[in-house]
Amino acid sequence: MAKDIGKAIEKSAPGSKKTYERSSKVLAQEIVGTVNFSYPIYIKEAHGSRVVDVDGNEYIDLTMGFGPHILGHAPKVVLDALREALDRGVQWGLHNPYQEPLASLLVDAVPCADKVVFCNTGTEASMYCIRAARAFSGKSKIAMFEGGFHGAHDAVLVKVDPASPVDRPTYYTMGQGIPKETLANTMMLPYLSDAAFDLIRKHKKDLALVMVEPVQGSNPRLDQGEFLKKLAEVCRESEVLLMFDEVITGFRMAYGGAQEFFGVTPDMAIYGKAPGGGMPLGVVAGRGDVMEVFTRQFDIYRDDRTGGPSIFTAGTFSGNPMTMAAGTAVLTYLRDHKGVYKHLAEQGTRLADEVNRFFAQEELPGQMANALSMFYLRVQPGPMVRTARDIDRSMKAADDLVTLHMLQHGVLVPPVHLAYISAAHTVKDVDTVVDAIKESFLEVRQQGHI
Ligand SMILES: Cc1ncc(COP(=O)(O)O)c(C=O)c1O
């Protein structure tokens, strides 16, 4: 393997570099920072478990669109549904018969869902869920856990100060441009700690909603079931609404998502990614009485509050037929092919076990956090990360090098991000990924970077 990995990739992917040079003149930001590789790779097409870059290099993809492509890239069932919808026109903004079939599939599958509302992204769903919880409860504060992520709107862009006490985390806004006052209505809770329950009880009078990722994207693991059960109990007895952010876990951990997997039913849940079949989707799901705040609909000309709380929503593309058709196709397929979940669980668990065994045998500073088909590969010595406080980014340079070596071995693993396998990843693909990780770590060590 090449000593100078950057030069080697530049040689095999010159078109990506040229695209980057053109793009950076007109794009202030490509997509989001976490998608930036230390060598830019531009993808021109994707099928099954593979993506192809603009130079024609093919990679086994572990990014999977950052989660949506649970059946792999461009599955036939979804493409057929999209083609059928496309011929009728892509968007009308008016009521259409495409929403009800997807809504019915969601209500049947999701334990907490009496009703759902569609929007276009997980971020939008998170924003609406917070608004609905505040309207329903008449309270203002929201709480979320250290290490969690709930989209890119102001109310949730909060980061814990890692120097603050674990059981009383203090926090600041993530980046500039967010008024400090936003923090007054936000609380951060310690993850996997009973101190979180004390904070919820203490602030219950002001607390409208507790948000939790049942599996944190930054920290995939499976041993938090008891914590989630206790959290639901504490929220119930404190009369604080609980929301599961299932944007990552929904229809991925199980057909009924994390709620089915852990056997815990919150009051509300939000979805995105997988149930959109690769099209932009956001969903707010919840208990019937809470979801009434959407049904009542705020009348902008007559601020009439006699009928109970109502909220305002708007979205030109919400419930558009293309997204609805893709989502209906993927959920119908998953409902009728539950074997997909067995494959994802078996292959995902095997991948992480083999890689972690190798790190231990070779005494390498690597760890692969895992929850079924979701992974986080880190260049970090043991012990395994338990909460966000344990994440050590001091070996970031080596992390970047591993990512580049993996590209040379034909595997695209996202830098600083959760990785996924899909139903289209075969046993042989997973073998190739395991070998690529092993070889990449050994090469980076041979070159003295770890
Ligand atoms: C747990 C979680 N919630 C919300 C979001 C936001 O979803 P979107 O990117 O569709 O806005 C994400 C995105 O990755 C997520 O991982």
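Two strands are taken to pair if DSSP finds at least two bridges between them. With that in mind, this predicted model can be read from its N-terminal strands onward. Strands β1 and β2 form a hairpin with two residues between them, and G48 in the turn has a positive phi of about 60°. Four bridges join β1 (residues 43-47) to β2, and the two strands run antiparallel. One pair to look for is H47 with R50, its bridge partner in β2.

Strand β2 also has a partner in β3 (residues 58-61), to which three bridges join it, again in an antiparallel arrangement. Here V51 stands opposite Y59 of β3. The hairpin of β2 and β3 has four residues between the strands, and within this hairpin G56 takes a positive phi near 90°. In a regular strand the side chains alternate between the two faces of the sheet. Strand β2 (residues 50-53) shows such an alternation: V51 and D53 point to one face and are buried, while R50 and V52 point to the other and are not.

Moving on along the chain, the domain assignment of the protein gives domain 1, covering 76-336, and domain 2, covering 338-425. The C-alpha centres of domain 1 and domain 2 are 27 Å apart. Domain 1 brings 19 residues to the contact, and domain 2 brings 17 residues. On the side of domain 1 that touches domain 2, the residues are twelve nonpolar, four polar and three charged.

An open sheet of seven strands comes next, in the order β4-β12-β11-β10-β9-β5-β8 and with mixed pairing. Its edge strands, β4 (115-119) and β8 (186-189), each pair on one side only. From one strand to the next, the twist averages 20°. Strands of a sheet pair through backbone hydrogen bonds, either parallel or antiparallel. A parallel example is the pair β5 (residues 141-145) and β9 (residues 207-212), joined by four bridges. Within this pair, A143 has V210 of β9 as its bridge partner.

Helices pack on this sheet, including α4 and α7. Helix α4 (residues 99-109) touches β4 and β12 (282-286), and its direction makes about 130° with that of β4. Helix α7 (residues 225-238) touches β9 and β10 (241-245), and the direction of α7 makes about 150° with that of β10.

The ligand is surrounded by 14 residues, of which the closest are T121, G122, T123, G151 and V247. By class, this shell has four nonpolar, eight polar and two charged residues. Helix α5 (residues 122-137) gives the most to the shell, with three residues.

Several loops also hold backbone details that are worth a look. Most residues other than glycine have a negative phi, and most peptide bonds are trans. Against that background, L192 has a positive phi, near 55°, although L192 is not a glycine. This residue lies in the loop between β8 and α6 (195-202). L192 counts as partly exposed because 18 other C-beta atoms lie within 10 Å, where a buried residue would have 20 or more. E239 likewise is a residue other than glycine with a positive phi, near 55°, and E239 sits in the loop between α7 and β10. With 11 other C-beta atoms within 10 Å, E239 is exposed, since the cut-off for that class is 12 or fewer.

In the loop between β14 (374-379) and α12 (396-408) lies P383. The peptide bond from G382 to P383 is cis, with omega near -5°. Another proline, P365, is placed in the loop between α11 (339-362) and β13 (366-371). P365 is partly exposed, because 17 other C-beta atoms lie within 10 Å. Apart from its neighbours within four places in sequence, P365 is in contact with V379, Q380, P381, M395 and I450. Of these contacts, V379 is 14 residues away from P365 along the chain, yet the C-alpha atoms of the two are separated by 5.7 Å.

Conventions: Residues numbered from 1 in each chain as written. Predicted model: local features only at pLDDT ≥ 70, side-chain atom pairs only at ≥ 80, totals over all residues. Domains from an automatic or database assignment. Contact = placed C-beta atoms within 7 Å. Nonpolar A, V, L, I, M, F, W, Y, C, P; charged D, E, K, R; others polar. Near = placed C-beta within 6 Å. Axes fitted to C-alpha atoms, helices over the stretch in contact; angles between N-to-C directions.
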